[in-house]
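Please find below some notes on this model, set out as numbered points for checking against the coordinates.

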Amino acid sequence: MAHLPKVYDTVVHMLADAAATSPNAIALRNGTIDLTYRDYAASVATLAERLLTLGARGERIALMMGNSIDMAVAMFAIHAAGAQAVPINPLYTAREAQYILDDAAPVATIHDPPVAGMIETLEHTGERITGSGTDFVAQDDTALPTPFPTADELATLQYTGGTTGYPKGVNITHRQMSVNISQREAILPTEPDSESIVCVMPLFHVFAVSMCLHLAVYCRGRLIIMERYHPGLLCETLEREEVSILPAGPTIFTGLLNFEGFAATDLDALKWCYSGSAPLPEETLRRWE
C-alpha cells in the first residue's frame, strides 16, 4: 500500500508541528527579512492572543492585505484564535468591500496602511488593526493559544469573485482545508525541509493560501514572499533563491515566456510549476514545456 500523506486536524496543528520539528529553519523571507519557524509560530501566537482579547473565538476576522510577512502571520493567527478568516482584495472599491463586510460582520479587520483611509469610511469593520509588513513579528517565544480549533470548526469564509452577480461567501472547515492540503501532497509530493517556494500570487486568494502559504508549512519549506509581480523581479528571485516550486496563474507563465530575460534565467533548482486560479491555455502549456 502506498504511503499516504499526514492529515493534520487544522493548519494550526500543522504550524505547531513545523515549529517543533524545524524551529531554526527559515519559514518566511520577504526581501532581506527572514523569519524562522520558531519566530513564525511565536508571531502567530502573539497576534492570536491579541485577537482573543477582542472576542475573536467563534467569530470572523476580515483581512485586507497585500503580500507580506504580516499577511502570512495574520492568516494563521486568525485560525489560531479559533476565528474564521475573511480575505478581501485590498484593491476593492469601498462599495465592493462594504458588501462583504455587511455580509460577514467581522469583529475586527486587519489591513494594510494604504487602505486605512477607505476602511475608516466603511461600516461593520469591527476593531481595526494595521499591519505594515512586519508589525506582527514577535520578539519573544509566545506559545500558541489553546485549545486549538477542531477539525469541524469553520476556518475561512472565502468570497467568490462576483462574476455572476454579487460575491458569494463559501464556508470552509478546517477538515476540508487540511484534507485538501494532503490531497495535493499525495499527487504533487514535496521534500520535507528542503523546498524553496515563491509566492507571487496574492495571499488573499484561495490559490496562494493553499499552494504557497499552506504548502510551505506542510513541508517545512522556505516561502519567498513577493509583494508584486514583475517578470524581471520574478526571474531574479527564481535564480537567487534557487526556487524549487513555482505556483502561479496562467498570466504569469505567459508573461515569463514573453520576457526577454527569461531564457537566460538559471532554473536548475525548479522542480514543480503549479498553474491555478484560471484555465491554462494549451498553447501556454506547450510553450512552457
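1. Which side chain of opposite charge is nearest to the buried Asp112, and how many Å away is it? The nearest such side chain is Arg50, 13 Å away, and Asp112 has no salt bridge although it is buried. Here buried means under 20% relative accessible area, exposed over 50%, and partly exposed in between, with a 1.4 Å probe and protein chains only; a salt bridge is a side-chain nitrogen of Lys or Arg within 4 Å of a carboxyl oxygen of Asp or Glu. Lys and Arg count as positive and Asp and Glu as negative, while His and the chain ends are not counted.

2. On how these values should be read, the model is predicted, and local features need pLDDT of at least 70, side-chain atom pairs count only at pLDDT 80 or more, and totals for chains, interfaces and linings use all residues. Residues are numbered from 1 along each chain as its sequence is written, and side-chain values use heavy atoms, with hydrogens and water left out.

3. Asp112 is placed in the loop between β5 (108-111) and α5 (116-121), and its side chain reaches the backbone nitrogen of Gly66 at 2.6 Å. Helices (H or I, at least four residues) and strands (E, at least two) are DSSP runs, numbered from the N terminus.

4. Two residues deserve a look at their backbone angles. Asp193, in the loop between α6 (174-187) and β9 (196-199), has a positive phi of about 65° although it is not a glycine, and Asp193 counts as partly exposed because its relative accessible area is 42%. Arg220, in the loop between α7 (206-218) and β10 (222-225), has a positive phi near 55°, but Arg220 is buried, since its relative accessible area is 16%.

5. The peptide bond from Thr146 to Pro147 is cis, with omega near 0°, and Pro147 lies in the loop between β6 (127-130) and β7 (154-159). As background to this point and the one before, most residues other than glycine have a negative phi, and most peptide bonds are trans.

6. Glu236, Glu239, Glu242, Asp266 and Asp268 form a negative surface patch, a patch being made of residues with over 30% relative accessible area and no salt bridge, where like charges are joined within 9 Å and nonpolar side chains (Val, Leu, Ile, Met, Phe, Trp, Tyr) within 5 Å. Of these residues, Glu239 is in helix α8 (residues 231-240) and counts as partly exposed because its relative accessibility is 41%.

Notes: Accessible areas come from the Shrake-Rupley method with a 1.4 Å probe; for residues, only the protein chains shown count as cover. The place of a charge is taken as NZ of Lys, CZ of Arg, CG of Asp or CD of Glu. A polar contact is a pair of N or O atoms within 3.5 Å; within protein, one must be able to donate a hydrogen and the other to accept it, and residues adjacent in sequence count only if both atoms are side-chain atoms.
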